[in-house]
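Visitor: I would like a close look at a single part of this structure, namely one place where two helices pack. Please take me through it in one connected answer.

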Amino acid sequence: MLRLILGLFIVLQCGAEPVRGAEFAPGPEQTFPDLLSDEPEEGVGGPDLLRDEPFIIDPSRIMGDPLFEDDYTLSPPPLLVRDPLEPFNRFVFEVNDRLYFWVFKPVKNVYADLLPEDIRQCLGNFFANLTAPIHFVNNVLQGEMEDAGIVLGRFFINTTIGVFGLGDPAGDEFGIKERDADFGQTLGKWGVGEGIYICWPGLGPSTARDSVGFLGDFYLHPVFYYSAGDTVFNVSYVSLERVNILSTSPDVYEELKRISLDPYVAARQAYYEYRRKVINER
């Protein structure tokens, strides 16, 4: 009997009209994007979600509720930089800045006025061709055997048809692009950490790992075996190579100084991002 009375009470409550004034207003209609409703591309079974940016920039696109934005936003991880020597590095950065504007830039301008651009480009090809052993060995060490073969092929073509590397017929005529690799990159591929940031006098930004890599590449460069330890010859060669590179490259450093509030931080950031990109793309 009690169950019958309770059931009758529930039926009456369900069928009764709501009390005026106690009615709840319906909430805003929530629409959630259907990420799987995209039209499939021709020849593709469904939408290619892997094509999208791997980081969720707009959480409402996925979750449909901006209230969770602060808690669930996934963004690219911050760039971690270890710079315990920052006071010293800033001092060296200032020294390098003075060297650039007082020495390197005037020398570069005179050099560019004396030599036509075509000749400077040929010299740049020659210097680049001599670094082929560095790129070949490091591609092998990274297991990139196809790229190592391409480096070897470019060296053979440019040394013969390109007249000792003064020309670049491998790239210009055969479309064989460079496959550069260095020992700092190799160490990164092997899992060696970057270490602390170092700004070297006359050389600029580096890390502990890339500094070791620089020494490794030094011993792979054929010119330093040819010079048999002649310091004057080595310094002259490196200076001419650097000045030639400056004369054929855009003024990236001056542009960085012009647009940066803190050029030291901007240069450090640019170096880290470039090196990580070079390593992660292998």
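Guide: In this predicted model, helix 4 and helix 13 are oblique to each other, because their packing angle of about 130 degrees falls outside the ranges that count as roughly parallel (under 35 degrees), roughly perpendicular (65 to 115) and roughly antiparallel (over 145). Helix 4 spans residues 86-114 and helix 13 spans residues 252-259, and their axes lie 12 Å apart. The crossing of these two helices is left-handed. On the side of helix 4, the contact is made by F93, D97, Y100, F101 and K105, while helix 13 contributes Y253, E254 and K257. Sorted by character, the residues of this contact comprise four that are nonpolar and four that are charged, with no polar ones.

Turning from the helix pair to the loop between helix 7 (145-160) and helix 8 (169-172), one finds V163 there, and F164 is placed in that loop as well. V163 has a positive phi of about 60 degrees although it is not a glycine, and F164, also a residue other than glycine, has a positive phi near 60 degrees. With a relative accessible area of 46%, V163 is partly exposed, whereas F164, at 61%, is exposed.

As for the cysteines, a search of the whole structure finds zero disulfides. C122 counts as partly exposed because its relative accessibility is 33%, while C199, at 1%, counts as buried.

How values were computed. Residues numbered from 1 in each chain as written. Predicted model: local features only at pLDDT ≥ 70, side-chain atom pairs only at ≥ 80, totals over all residues. Heavy atoms only, no water. Axes fitted to C-alpha atoms, helices over the stretch in contact; angles between N-to-C directions. Helix = DSSP H or I, 4+ residues; strand = E, 2+ residues; numbered from the N terminus. Left-handed = near helix turned anticlockwise from the far one by under 90°. Contact = heavy atoms within 4.5 Å. Nonpolar A, V, L, I, M, F, W, Y, C, P; charged D, E, K, R; others polar. Disulfide = S-S within 2.5 Å. Buried < 20%, exposed > 50% of the residue type's maximum accessible area, 1.4 Å probe, protein only.
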